[in-house]
Amino acid sequence: MFGHVMEDLTPEEIAAASQLYAPLADRVRELVAATVLTEVPAPDVAKAIQLIEEATALLGTKAVEGSFGVRWTPDGKRRTWGNAIVGLRNPIAPPLDIRQRGDLTYADVVIGPQYEGPPTLVHGGIIAAMLDQVLGDAAVNAGVPGMTGTLRIRYNRGTPLGPIRVQSAVDRVEGVKTFVSGQVIVDDAVTVEAEGIFILPKAVRDLGDNPPPGILAPGD
Ligand SMILES: CCCCCCCCCC(=O)SCCNC(=O)CCNC(=O)[C@H](O)C(C)(C)COP(=O)(O)OP(=O)(O)OC[C@H]1O[C@@H](n2cnc3c(N)ncnc32)[C@H](O)[C@@H]1OP(=O)(O)O
């Protein structure tokens, strides 16, 4: 399917790539936060711009075109390393390390200053994006995956920057629709509630009972 790329990599090669690129994304993430907060004098900002331009040019000498897509190996292992919320290679991603415990899907994450909306609070759109991902992963983990058809969010109170939990669970399944609910939790209090309907797209339904291995599996 479009955007899905098969790669014949061994687990060792995938581990090596993870060890190579995760620190790169981590450093750029730190750079983004430093860019938001720095108060160094103008010559130092100019120097930083030059260094960043050099790094960007270096990384650009060999790169994939377009987007990273979903990479998978013949054993069905899937990598969504470009994903905006969980992508191991994506400095835009907080990133969320989404886990599963029983029926609960959750991520504990520290939200930095680059995600500010109202002063000292997490931007509502960033909250929506994290909930979208975590609710979607609950559907995947329950074996009833789908794309977000509808996502309804109620912001009960501001969510402070810093440590938060985003969690979700499947409520029910009706045909091709999976109904999922979730919350953002700070210090044991729910700040945001969400309900989503995740739909197995017609294009995947049309593949029948045997879609390619990995296409519906959780990414990492
Ligand atoms: C394959 C899974 C991979 C996991 C990915 C994790 C994703 C992470 C979260 C995301 O960011 S997803 C990106 C944001 N979402 C999108 O871009 C979705 C864009 N919309 C679509 O692709 C299609 O509109 C959609 C797949 C949601 C539905 O298209 P279909 O052609 O499969 O729907 P169809 O018309 O056949 O309707 C099937 C059922 O869903 C219902 N439905 C359709 N669109 C809906 C909608 N938007 N909201 C709620 N229900 C909807 C529809 O009424 C019907 O209900 P019934 O079965 O009861 O008759």
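Here is a short tutorial dialogue on reading this predicted model.

Q: Where do I start: how many helices and strands does the protein chain have?

A: Start with the inventory, then walk along the sequence. The protein chain has four helices and nine strands. Their order along the sequence is β-α-α-β-β-β-β-α-β-β-β-β-α. The radius of gyration is 19 Å, close to the 17 Å that the globule rule gives for 220 residues, so the protein chain is as compact as a globular protein of that length.

Q: And what box do the C-alpha atoms fill?

A: Taken along the principal axes, that box is roughly 60 × 45 × 25 Å. Buried residues account for 25% of the 220 residues. For contacts between residues at least 6 apart in sequence, 65% join residues at least 24 apart.

Q: How do I read a sheet, say the open one with three strands?

A: The general idea goes like this: strands of a sheet pair through backbone hydrogen bonds, either parallel or antiparallel. Here the strand order is S1-S2-S3, and the pairing is mixed. Strand S1 (4-6) and strand S3 (78-79) stand at the edges with a single partner strand each, so one side of each has no neighbour in the sheet. S1 and strand S2 (residues 70-72) run parallel and are joined by three bridges. If you want a spot to click on, His4 has Val70 in S2 as its bridge partner.

Q: Which strands does S7 pair with, and in which direction do they run?

A: Look at strand S7 (residues 162-174) from both partners. Seven bridges tie it to S5, running antiparallel, and nine bridges tie it to strand S8 (residues 177-186), again antiparallel. Follow Arg165 in S7: it is the bridge partner of Asp108, and it also stands opposite Ile185 in S8. S7 and S8 form a hairpin with two residues between them, and Gly175 in the turn has a positive phi of about 60 degrees.

Q: Now a single residue: is Thr105 buried or exposed?

A: Count the C-beta atoms around it; 20 or more within 10 Å makes a residue buried. Thr105 has 27 C-beta neighbours inside 10 Å, so it counts as buried. You'll find Thr105 in strand S5 (residues 104-111).

Q: Which residues is Thr105 in contact with, leaving aside its neighbours within four places in sequence?

A: Check the list against the strands you already know. The contacts of Thr105 include Ile98, Gln100, Val134, Asp137, Ala138 and Asn141, along with Gln167, Ser168 and Ala169. As for Ile185, it is 80 residues from Thr105 along the chain, and their C-alpha atoms are separated by 13 Å.

Note on methods. Residues are numbered from 1 along each chain as its sequence is written. This is a predicted model: local features need pLDDT of at least 70, side-chain atom pairs count only at pLDDT 80 or more; totals for chains, interfaces and linings use all residues. The radius of gyration is taken over C-alpha atoms; the globule rule is 2.2 Å times the number of residues to the power 0.38. A residue is buried if 20 or more other C-beta atoms lie within 10 Å of its own, exposed if 12 or fewer, and partly exposed in between; C-beta atoms are placed from the backbone. Two residues are in contact if their C-beta atoms, placed from the backbone, lie within 7 Å. Two strands pair if DSSP finds at least two bridges between them.
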